[in-house]
Amino acid sequence: MAAGLRARLGTDYPCRCLRGWHLTPGLPGSRLAHAGAAPRLQQEYDAVVIGAGHNGLVAAAYLQRAGVRTVVMEKRHVLGGAAVTEEIVPGFKFSRASYLLSLLRPQIYTELELQAYPEYEAFMGRLVSALNPLLDAPPVDTAALGQGSLLQRLRALRALQPLLQAGWMLGWQLPRYYEVLTAPISKILDQWFESEPLKATLATDAVIGAMASPYTPGSGYVLLHHVMGELQGQRGAWGYVAGGMGALSQAIACAATALGAHIFAEKAVCHVLLGRDGQAQGIALQDGTEVRSKLVLSNASPQVTFLELIPQEQLPKDFVQRIRQADTCSPVTKINVAVDRLPNFLAAPNAHDDQPLPHHQCSIHLNCEGTHLLHQAFTEATHGHPSSRPMIELCIPSVLDPGLAPHGCHVVSLFTQYTPSVLAGGQPWDEEARNAYADTVFDCIEDYAPGFKASVIGRDILTPPDLERVFGLPGGNIFHGAMSLDQLYFTRPAPSYSGYRSPIPGLYLCGSGAHPGGGVMGAAGRNAAQVALEDFRRR
C-alpha cells in the first residue's frame with residue numbers, strides 16, 4: 001500500500017461493528033426509563049449523579065446495583081456526554097465526538113451484562129499487562145498514608161499493592177519501560193523501526209487529543225493509554241458500535257434503569273447543596289428544584305464541578321488554584337461528514353462495483369508520512385494558527401453499519417489536529433474560521449481521494465470551543481484535561497484528591513478528569529462508585 005494511505009489492518013488494530021448494542025428509542029420528552037414507565041423526580045435519593053456521560057451512567061449502574069437509590073441529571077437532550085449519536089444532517093447519524101470503542105473496561109461488559117512489529121507489540125504488551133490493574137483501582141491515598149489514622153494508613157498501604165505488583169512484573173526491564181513513559185515517543189519508535197510512515201502512524205496514538213508533538217517528552221504515555229484498549233478479549237482492537245457511540249451510552253443507561261435508577265435529560269444542575277457541616281446534601285437544578293441525597297457524584301469536568309457548582313470559599317485555596325491551573329489545552333477539531341459515495345483513494349482504488357474494500361473498514365491516517373509532519377502541524381498550532389497540513393484520522397463507520405446513512409451514502413468521521421483553542425490575535429472561531437479550516441482538511445483529503453469534495457452533502461464542524469460548548473469538555477479537551485505525566489495517577493485532578501473523593505465530604509468526581517483519565521473506558525465511573533459505596537456503607 002502506498003505511503004499516502006495508512007489503514008490499520010489485520011491483527012494490528014482491526015475495526016469491527018459490534019452488533020450487541022443497538023440504539024434504544026427513549027420515551028417521549030426528556031426522560032429515559034425502564035419498562036416503559038417515565039419516572040417521577042423524587043425529592044430525595046441516596047445518590048445523585050451529575051451528567052449522563054458514559055462514566056456517570058456506569059457509576060449510576062453500579063450504585064443502583066448495590067441498592068443505592070440513584071438519579072442521574074443530564075442538561076442536554078441526549079445521554080452519553082461525548083459518546084452520543086446525533087442526526088445533524090437529515091438521514092445521517094453521526095457519532096459526533098467519540099467515534100471508536102476499545103478502552104471500555106472488560107469488567108463492565110461482564111458485570112453490567114453488556115457484550116520487528118510482533119516484538120514491539122510483545123514489548124508494549126508486557127507494559128500494558130503490568131499497568132492494567134492500576135486502571136481499575138483508586139490511586140494510593142497519599143494524604144492518608146502520611147497523616148491518616150492507623151486504619152486509614154492500613155487501607156492506603158493495601159492500595160499500594162497494584163503499584164508494587166506493576167514494578168514486580170516489569171522486573172529488570174523497568175528502566176526500559178520507564179523510558180517509554182517519560183521519553184518523546186519519536187525516540188522510542190526510532191529504536192524499533194526504520195519506516196517513517198509506520199513510525200508516524202504509530203505516533204498519532206501518542207499525540208491524539210494532546211497539544212503535544214511526537215518530540216514532546218512524556219508523549220509515550222498517551223500511546224500506551226490507547227494500546228491498553230481491549231475489545232471482546234482482543235487487546236489493541238478497536239471497533240464501531242452498531243447505531244453509533246450513542247448506542248453504547250443507551251445500553252449502559254438501560255442497564256442502570258433496569259436496576260431501578262432514574263435518568264432525566266434536560267435537567268441542568270445549578271449547584272451542589274451543602275449542609276452546615278460543609279457536606280454535600282444533594283443538588284439544585286436551574287429551574288429551582290432541589291433534590292436531596294447522601295452522595296453526589298459529578299461526571300462533569302473538575303473545572304465545572306469545583307469552579308461552578310461549589311462556592312469557592314468552601315474549598316481549600318491551593319486546591320482551587322490547582323484546578324484553575326490544570327492544562328486543558330486541546331488540539332482537536334472533529335468534523336462529521338455526510339457523503340453520497342464511498343471515498344476512492346489513489347493508493348487503493350475502489351472496485352468497479354464500488355463495494356467497500358478492507359481499508360474502508362479501518363481507520364485511515366492521512367498527512368502521516370513522517371513524524372516531522374506531525375511536529376510541523378503542532379508547531380503551527382502553538383503559534384495560534386490551525387495546521388496547514390493537519391493530522392487526519394478518517395473513519396467510515398457506515399461501511400460496517402449501513403443504517404447510519406441512506407442507501408449508497410456514507411458517514412465519514414474526521415478526527416483532526418492541530419487547531420488551537422484560541423486563534424492568533426484573539427480572533428474568534430466564527431463560522432468563517434470553522435469553514436476555512438474544514439476546507440483545508442477537505443483539500444488534503446482530495447489529494448489522497450480525488451472527488452471527495454464533490455461527494456459532500458453536509459458537514460458538522462466542532463472546533464475546541466464547540467467541543468466545550470456542546471459537550472462540556474474543558475477547553476475542548478477530550479480527556480477533561482491533559483494526559484501528561486504531571487496530571488496522572490497521584491495528581492489527577494489534584495494531589496491528595498486522586499482517589500475520587502473531594503474536599504467536600506460526600507462529593508465525588510467520577511468523570512474523565514479523575515484517574516485513570518479519558519477515553520470511553522468507564523473506569524473512573526466504576527472506581528468512583530465503589531469508593532462512594534464504601535463511604536455510604538461506613539455511614
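## Contacts of L297 and the nonpolar cores

Two residues are in contact when they have heavy atoms within 4.5 Å of each other. In this predicted model, and leaving aside neighbours within four places in sequence, L297 touches V48, V49, I50, A59, L63, Y508, C510, A528, A529 and A532. L297 belongs to the largest nonpolar core, a set of 61 residues. L63, M73, V272, I283, L295 and L297 are the members with the most contacts inside this core. Helix 1 (residues 54–65) supplies the largest share of the core, seven residues.

A second core is separate from that one and has 56 residues, among them V128, Y221, V222 and L224. In soluble globular proteins, nonpolar side chains tend to be buried together.

## Strands 4, 5 and 11

Strand 4 (residues 47–50) runs parallel to strand 5, and four bridges join the two. One of the bridge pairs sets A47 against T70 in strand 5. Between these strands the chain passes through helix 1, and the resulting β-α-β crossover is right-handed. Helix 1 is also the element that gives the largest core its largest share of residues.

Strand 5 (residues 70–73) sends T70 and V72 to one side and V71 and M73 to the other. Residues on both sides of strand 5 are buried: T70, V71, V72 and M73. M73 is also among the residues with the most contacts inside the largest core.

Strand 5 has a further parallel partner in strand 11 (residues 262–264), to which three bridges connect it. Here V71 is placed opposite H262 of strand 11. Strands of a sheet pair through backbone hydrogen bonds, either parallel or antiparallel.

## The sheet of strands 12, 13 and 14

Three strands form an open sheet in the order 12-13-14, and the pairing is antiparallel. Strand 12 (269–274) and strand 14 (290–292) are the edge strands; each has a single partner strand, so one side of each has no neighbour in the sheet. From one strand to the next, the twist averages 25 degrees.

Strand 13 (residues 280–285) is joined to strand 14 by three bridges, with the two strands antiparallel. A284 has E290 of strand 14 as its bridge partner.

## Cysteines and Y240

A disulfide is a covalent bond between the sulfur atoms of two cysteines. The count of disulfides in this model is zero. C362 has a relative accessible area of 6% and is therefore buried, the limit being under 20%. C510 is buried as well, at 0% relative accessibility. C510 is one of the residues in contact with L297.

Y240 is part of strand 10 (residues 238–241) and is buried, with a relative accessible area of 2%. Along the sequence Y240 and C362 are 122 residues apart, while their C-alpha atoms are 9.8 Å apart in space.

## Cis peptide bonds and positive phi

Most residues other than glycine have a negative phi, and most peptide bonds are trans. The peptide bond between Q417 and Y418 is cis, with omega about 15 degrees. Y418 sits in the loop between strand 19 (410–417) and helix 15 (431–448). Another cis peptide bond joins R492 and P493, where omega is about 5 degrees. P493 is in the loop between helix 17 (464–471) and strand 21 (507–509).

N367 is not a glycine, yet its phi is positive, about 60 degrees. The loop between strand 17 (364–366) and helix 14 (371–382) holds N367, which is buried at 2% relative accessibility. S496, also a residue other than glycine, has a positive phi near 75 degrees. S496 lies in the loop between helix 17 and strand 21 and is partly exposed, at 38% relative accessibility.

## Helix 13 and the loop before strand 21

R322 is in helix 13 (residues 317–325). With a relative accessible area of 37%, R322 is partly exposed. Which residues does R322 contact, leaving aside its neighbours within four places in sequence? They are D486, T491, A494 and P495.

R322 and P493 lie 171 residues apart along the chain, with 8.2 Å separating their C-alpha atoms. P493 is the residue that follows the cis bond from R492.

How values were computed. Residues are numbered from 1 along each chain as its sequence is written. This is a predicted model: local features need pLDDT of at least 70, side-chain atom pairs count only at pLDDT 80 or more; totals for chains, interfaces and linings use all residues. Side-chain values use heavy atoms; hydrogens and water are left out. A nonpolar core is a set of buried Ala, Val, Leu, Ile, Met, Phe, Trp, Tyr and Cys residues joined through side-chain atoms within 4.5 Å. Buried means under 20% relative accessible area, exposed over 50%, partly exposed in between (1.4 Å probe, protein chains only). Two strands pair if DSSP finds at least two bridges between them. Axes are lines fitted to C-alpha atoms, for helices over the stretch in contact, and angles run from 0 to 180 degrees between N-to-C directions. A disulfide is a pair of cysteine sulfur atoms within 2.5 Å. A crossover is right-handed if, with the strands pointing away from the viewer, the path from the first strand over the helix to the second runs clockwise.
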